[in-house]
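Here is a short briefing on one protein chain. Please keep the sequence and the 3D view open while reading.

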Amino acid sequence: MAVDRGLLLLVVSAAVLVGLASASPFISDSVFLGSVGSTGRSLLQAKKNCPVNFEFQNYTIITSKCKGPRFPAKQCCDAFKEFACPFNEYINDESNDCASTMFSYINLYGKYPPGLFANECREGKLGLSCDGVSQKDSVVSSAGQQAQSSLLAFIMLTFGLAALWFH
């Protein structure tokens, strides 16, 4: 019976670790490429729709702190990180259009000069660090990633229980 409990604990622990390991604490520099403009062709590089609805996000986080005409780099970058870090997993994914959609709305609501954040916000070779930036509880309108992680945990738990039952 002790072996069965150990197996169950192992399965549950693995499910939790898989869910936690999927997040990256950085915003990649490549997300800024869409905000500056692209000169290349992308006919065959269709991107998936972003699972985050950026239309209805709260942009006052940025617009209240990053103001012209000088656009102070520290305030603008800190505000950008505060807004964008909760979405880092989605805007770093180059297979979707999250980064370009997010920058479109940031520029729409803030009327910022092109490339402001790309030129001012640089921290290192991995991009902007999201360490120390508070994360929102639920950032995806469709809850796609959370559902996927929950489904994975549920499947692993089910198989673990089935293994215990038929053992």
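The points below go from the overall fold to confidence, the core, two helices and a few backbone details.

This is a predicted model. The chain has 167 residues, and 31% of them count as buried. Eight helices and two strands make up its secondary structure. Confidence is uneven: the mean pLDDT is 74, and 56% of the residues reach 70 or more.

**Overall fold**

- Along the sequence, the elements follow the order α-β-α-α-α-α-α-α-β-α.
- Take the contacts between residues at least 6 apart in sequence: 84% of them join residues at least 24 apart.
- The exposed surface of the chain is about 10800 Å². Carbon and sulfur atoms supply 61% of that area.

**Where to trust the model**

- Helix 3 has the highest confidence, with a mean of 96.
- Helix 1, residues 2-21, has the lowest, with a mean of 47.
- Over residues 8-22 the pLDDT is below 50. The model still gives this stretch 14 contacts beyond near neighbours in sequence.
- Residues 35-39 also stay under 50. Here the model has five contacts beyond four places in sequence.
- Where pLDDT is low, the predicted coordinates should not be read in detail.

**The nonpolar core**

- The largest nonpolar core holds 27 residues.
- Which residues have the most contacts inside this core? They are F54, I62, F80, F83, M102, I106 and F117.
- Five helices each supply at least two core residues: helix 3 (60-63), helix 4 (73-84), helix 5 (88-91), helix 6 (98-110) and helix 7 (116-120).
- Helix 4 gives the most to this core, with six residues.
- M102 touches F54, Y59, F80, F83, A84 and I91, leaving aside its neighbours within four places in sequence.

**Helix 4 and K81**

- Helix 4 has 12 residues, which should span 16 Å at 1.5 Å a residue. Its end C-alpha atoms are 16 Å apart, so the model agrees with the expected value.
- The buried residues of helix 4 are C76, C77, A79, F80, K81, F83 and A84.
- K81 is in helix 4. Is this lysine buried or exposed? K81 is buried, because its relative accessible area is 11% and the cut-off is under 20%.
- Beyond its neighbours within four places in sequence, K81 is in contact with P86, E123, L128, S129 and V133.
- K81 and C121 are 40 residues apart in sequence. Their C-alpha atoms are 9.2 Å apart in space.

**Helix 6 and G110**

- Helix 6 has 13 residues and reaches 18 Å from its first C-alpha to its last. That is close to the 18 Å expected at 1.5 Å a residue.
- C98, A99, M102, F103, I106 and G110 are the buried residues of helix 6.
- Why do these buried residues line one face of the helix? Seen down the axis of helix 6, they fall within an arc of 120°, so they line one face.
- G110 lies in helix 6. With a relative accessible area of 19%, G110 counts as buried, since the cut-off is under 20%.
- G110 and K67 are 43 residues apart along the chain, and their C-alpha atoms are separated by 8.3 Å.

**Backbone details in the loops**

- A cis peptide bond joins G68 and P69, with omega about 10°. P69 is in the loop between helix 3 and helix 4.
- F71 is in the loop between helix 3 and helix 4. F71 is not a glycine, yet its phi is positive, about 50°.
- F71 counts as buried, at 15% relative accessibility.
- K111 follows helix 6 and lies in the loop between helix 6 and helix 7. K111 is not a glycine either, and its phi is positive, about 50°.
- Is K111 buried or exposed? K111 is exposed, because its relative accessible area is 66% and the cut-off is over 50%.

Conventions:
Residues numbered from 1 in each chain as written. Predicted model: local features only at pLDDT ≥ 70, side-chain atom pairs only at ≥ 80, totals over all residues. Heavy atoms only, no water. Helix = DSSP H or I, 4+ residues; strand = E, 2+ residues; numbered from the N terminus. Buried < 20%, exposed > 50% of the residue type's maximum accessible area, 1.4 Å probe, protein only. Contact = heavy atoms within 4.5 Å. Areas by Shrake-Rupley, 256 points an atom, 1.4 Å probe, with all protein chains shown as cover. Core = buried A, V, L, I, M, F, W, Y, C linked by side-chain atoms within 4.5 Å. pLDDT = per-residue confidence, 0-100. Expected span 1.5 Å × (residues − 1). Arc of directions from axis to C-beta.
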